[in-house]
Amino acid sequence: MTPARRPASRSLCRLALAALLLAGGAQAQQAAPTTYNDVQQLLKAGKPAQALPQLDARLAATPRDPQLRFLRAVALTDLGRQDEAIAALVDLTETYPELPEPYNNLAVLYAARDELDKAREALEMAVRARPDYAVAYENLGDIHARLARRAYTRAGELSPQMARSVAPRLALLRDLLAPAPGR
């Protein structure tokens, strides 16, 4: 997946965070004009350990706030606490299934664990929730390419004849899935 080529997937989290905040930004700004911005700045500055207690305190007062819950999942991801981030994102998708960004971030975490079927399902939910969500479609394409690579590799392992026929496709997929310079 494009942004997931980095283990922490910060680019994707920030893209999805920006989209989520834009979607509910007016409401969020009325509720706490500086809280969201302050936490965002801490996350952008690479200080998730400082952001997390602020998020937890704010969530104690407004536990259903989707932006705060999403930011908390981003902070957990940035801290390397993937299991907790996944649980937070799953909970967010169950509460707000209409939001595509949590599904997208969930897919990135699954893809990092090589749980490609779960990643594909999450991305399909993201594009179902928002059919014009280009980032999710790009990531879905990357997942399909990784699944194809897995299938071609297995075919080659099972049959030497098949190994020769899938070799050119595997080479194309290797090139396609190679990290782009600067990403």
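This report walks through the predicted model from its overall fold to its confidence, core and charged pairs.

## Overall picture

What we have here is a predicted model, so keep the confidence figures in view while reading. The protein has 183 residues, and 43% of them are buried. On secondary structure, the count is 9 helices and 0 strands, and reading along the sequence gives the pattern α-α-α-α-α-α-α-α-α. If you look at contacts between residues at least 6 apart in sequence, 59% of them join residues at least 24 apart.

## How far to trust it

The average pLDDT for the protein is 85, with 80% of the residues scoring at least 70. Two stretches deserve some care. Over residues 2-15 the pLDDT stays under 50, and the model has 37 contacts there beyond four places in sequence. Residues 21-34 are also below 50, and that stretch has 9 contacts in the model beyond near neighbours in sequence.

## The nonpolar core

The largest nonpolar core is made of 39 residues, and Leu43 and Ile143 are the ones with the most contacts inside it. Which elements give two or more residues to this core? They are α2 (35-44), α3 (48-61), α4 (66-78), α5 (82-95), α6 (100-112), α7 (116-129) and α8 (134-158). Helix α4 supplies the largest share, at 7 residues.

## Arg69, a buried charge

Helix α4 is also home to Arg69. Is this residue buried or exposed? Arg69 has a relative accessibility of 11%, so it counts as buried, the cut-off being under 20%. Its side chain makes a polar contact with the side chain of Asp91, at 2.5 Å. Setting aside neighbours within four places in sequence, Arg69 is in contact with Leu59, Pro63, Arg64, Asp91, Leu92, Thr95 and Tyr96. As a yardstick for the backbone, the C-alpha atoms of Arg69 and Leu89 are 8.1 Å apart, while the two residues are 20 apart in sequence.

## Salt bridges

Side chains of opposite charge can pair when their charged atoms come close. A search of the whole structure turns up 12 salt bridges. Here are three of them, with the N to O distance and the separation along the chain.

| Pair | N to O distance | Where the partners sit | Separation in sequence |
|---|---|---|---|
| Asp56 and Arg72 | 2.6 Å | helix α3 and helix α4 | 16 residues |
| Arg113 and Asp83 | 2.0 Å | loop between α6 and α7, and helix α5 | 30 residues |
| Arg150 and Asp114 | 3.0 Å | helix α8, and loop between α6 and α7 | 36 residues |

Start with Asp56 and Arg72, whose side chains meet in a salt bridge. Asp56 lies in helix α3 and Arg72 in helix α4, so this pair ties together parts that are 16 residues apart in sequence. On accessibility, Asp56 is partly exposed with a relative accessible area of 33%, and Arg72 is partly exposed as well, with 23%.

Next comes the bridge between Arg113 and Asp83, at 2.0 Å from N to O. It links distant parts of the chain, with Arg113 in the loop between α6 and α7 and Asp83 in helix α5. Arg113 has 35% relative accessibility and counts as partly exposed, whereas Asp83 is exposed, with a relative accessible area of 55%.

The loop between α6 and α7 turns up again in the third pair, where Asp114 forms a salt bridge with Arg150. Because Arg150 lies in helix α8 and Asp114 in that loop, the pair ties together parts that are 36 residues apart in sequence. Arg150 is partly exposed at 35% relative accessibility, and Asp114 is partly exposed too, with a relative accessible area of 42%.

Beyond these pairs, Glu101, Arg130 and Asp132 are joined into one network by salt bridges that share partners.

## What the record says

UniProt lists residues 100-133 as "repeat: TPR", in an unreviewed entry. In the model, that span is 79% helix and 0% strand, and its end C-alpha atoms lie 8 Å apart.

Terms used
Residues numbered from 1 in each chain as written. Heavy atoms only, no water. Core = buried A, V, L, I, M, F, W, Y, C linked by side-chain atoms within 4.5 Å. Buried < 20%, exposed > 50% of the residue type's maximum accessible area, 1.4 Å probe, protein only. Helix = DSSP H or I, 4+ residues; strand = E, 2+ residues; numbered from the N terminus. UniProt positions renumbered as here; feature names shortened; annotations may be inferred. Contact = heavy atoms within 4.5 Å. Polar contact = N/O pair within 3.5 Å; in protein donor to acceptor, adjacent residues only side chain to side chain. pLDDT = per-residue confidence, 0-100. Salt bridge = Lys/Arg side-chain N within 4 Å of Asp/Glu carboxyl O.
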